[in-house]
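Q: Please take one part of this structure and look at it closely. Describe how that part sits among its surroundings, in words a first-year student can follow.

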Amino acid sequence: MTDPAPAPRPLTGPLSDCCTRTVPHSGVARGTVETIAGLATYIARPPTDLTNPTGTSRVILYFADVFGPLYVNSQLAMDYWAAHGYLVLGVDYFEGDSAAHHRGEPGWDVDEWVVPFRTSAARITPPWIAAVRAKYAYAYVMGNNNDTLDACVYIACAGATKFFAVGYCFGAPFVMDLLAADWVTAGAFAHPAFLDEGHFRRIKKDDFTFPHAARRRAEDILVEQKATYFIQIFGGASHGFATRPDPALKAERWAKEESARAVLQWFDHHAAQG
């Protein structure tokens, strides 16, 4: 009988108080909340829904930090990518009990709160991912008057959808797990939690953005794996900079907006590949 393999070495820490600091952003969410695989899902649609000039649909799976996808900051981020041609879906793996509902609650501890969600989210999120993939695995391309289809008819094109994944803090491991599969085109994350070396060794696709030594170790592993990757670093930025900064502070607002743009450009780059 062989000894079990040692657990992968952690690269990022658990949650802490910095994970719960936030400044609500101003704006009106344009998406809708729908149910997929029994879970509330924020859906931000591009202006032309699933149709785009290339005939290829682009879908982003959004894995939120502890504030969840129904928090206004998350919704506005998803709306941003939708406005640039992506269908974006954010799963509420906290099932209505995100950290947003506990702000200012005396005695509430994020480390205690998150324990059951690490188990439940790992159980309920894969069926949601499977349902999303099944539902959106086809692109819908509008016909035109130059062919036999009426201009208002949509035709399904099998395999034309390209899937992407983006995650923050609690959501980062879900992105890394998907990047170990072969159907996600590219992924991105910022200020991650709960990542270990195994997440980087299993990677088959592409990735993004933590303590200096751990980040450098992660990059060493990505080099060893010959993965395509991109790392973006903002000096002076604190945990949560990409989703929960104070927009009144110019440096924080700039880092958040630049991170969102970088995710968009990273996904656009891979969407354009054959």
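A: Glu95 lies in the loop between strand 4 (87-91) and helix 2 (110-136); helices (H or I, at least four residues) and strands (E, at least two) are DSSP runs, numbered from the N terminus. The model is a predicted one, in which local features need pLDDT of at least 70 and side-chain atom pairs count only at pLDDT 80 or more, while totals for chains, interfaces and linings use all residues. Residues are numbered from 1 along each chain as its sequence is written, and side-chain values use heavy atoms, with hydrogens and water left out.

Glu95 is not a glycine, yet its phi is positive, at about 50°. Most residues other than glycine have a negative phi. Cys169 has a positive phi too, of about 55°, and is likewise not a glycine.

Strand 4, on one side of the Glu95 loop, is the part to follow. Five of its five residues are buried, where buried means under 20% relative accessible area, exposed over 50% and partly exposed in between (1.4 Å probe, protein chains only). Leu87, Leu89 and Val91 are buried on one side of the strand, and Val88 and Gly90 are buried on the other, so that both faces of strand 4 are covered. For the whole protein, buried residues make up 50% of the 274 residues.

Strand 4 belongs to an open sheet of six strands, which has the order 1-2-4-3-7-8 and mixed pairing. Strand 1 (32-36) and strand 8 (184-192) stand at the edges with a single partner strand each, so one side of each has no neighbour in the sheet. On average, neighbouring strands of this sheet are turned by 25° against each other, direction ignored. The angles come from axes, which are lines fitted to C-alpha atoms (for helices over the stretch in contact), and they run from 0 to 180 degrees between N-to-C directions.

Two strands pair if DSSP finds at least two bridges between them. Strand 4 pairs with strand 2 in the antiparallel sense, over four bridges, and there Ile43 has Leu89 of strand 4 as its bridge partner. Strand 4 also pairs with strand 3, this time in the parallel sense and again over four bridges; here the bridge partner of Ile60 is Val88.

From strand 3 (residues 58-63) the sheet can be followed further. Strand 3 and strand 7 are parallel and share six bridges, with Phe63 standing opposite Gly167 in strand 7. Helix 1 (residues 72-83) packs on the sheet and touches strand 2 (39-44), strand 3, strand 4 and strand 7. The direction of helix 1 makes about 45° with that of strand 2.

Strand 7 (residues 162-169) contains Cys169, the residue with the positive phi. Cys169 is buried, with a relative accessible area of 0%. Strand 7 runs parallel to strand 8, and seven bridges join the two; one pair is Val166 with Ala188 of strand 8. Nine of the nine residues of strand 8 are buried, so the rest of the structure largely encloses this strand.

Between strand 7 and helix 3 is a loop that holds Gly171. Gly171 is buried as well, at a relative accessible area of 0%. Apart from its neighbours within four places in sequence, Gly171 is in contact (heavy atoms within 4.5 Å) with Phe63, Ala64 and Tyr93. The C-alpha atoms of Gly171 and Ala121 are separated by 9.8 Å, although the two are 50 residues apart along the chain.

Helix 3 (residues 172-179) has seven of its eight residues buried, so it is largely enclosed by the rest of the structure. Among the buried ones are Pro173, Phe174 and Met176. Helix 3 lies across strand 3, strand 7 and strand 8, and runs at about 155° to strand 8.

Some of these residues also meet through their rings. Phe63, Tyr93 and Phe174 are members of one aromatic cluster, which also includes Phe94, Trp108 and Phe170. Rings of Phe, Tyr and Trp (its six-membered ring) pair if their centres lie within 6.5 Å.

Key
Rings of Phe, Tyr and Trp (its six-membered ring) pair if their centres lie within 6.5 Å; planes under 30 degrees apart count as stacked, over 60 as edge-to-face and the rest as tilted.
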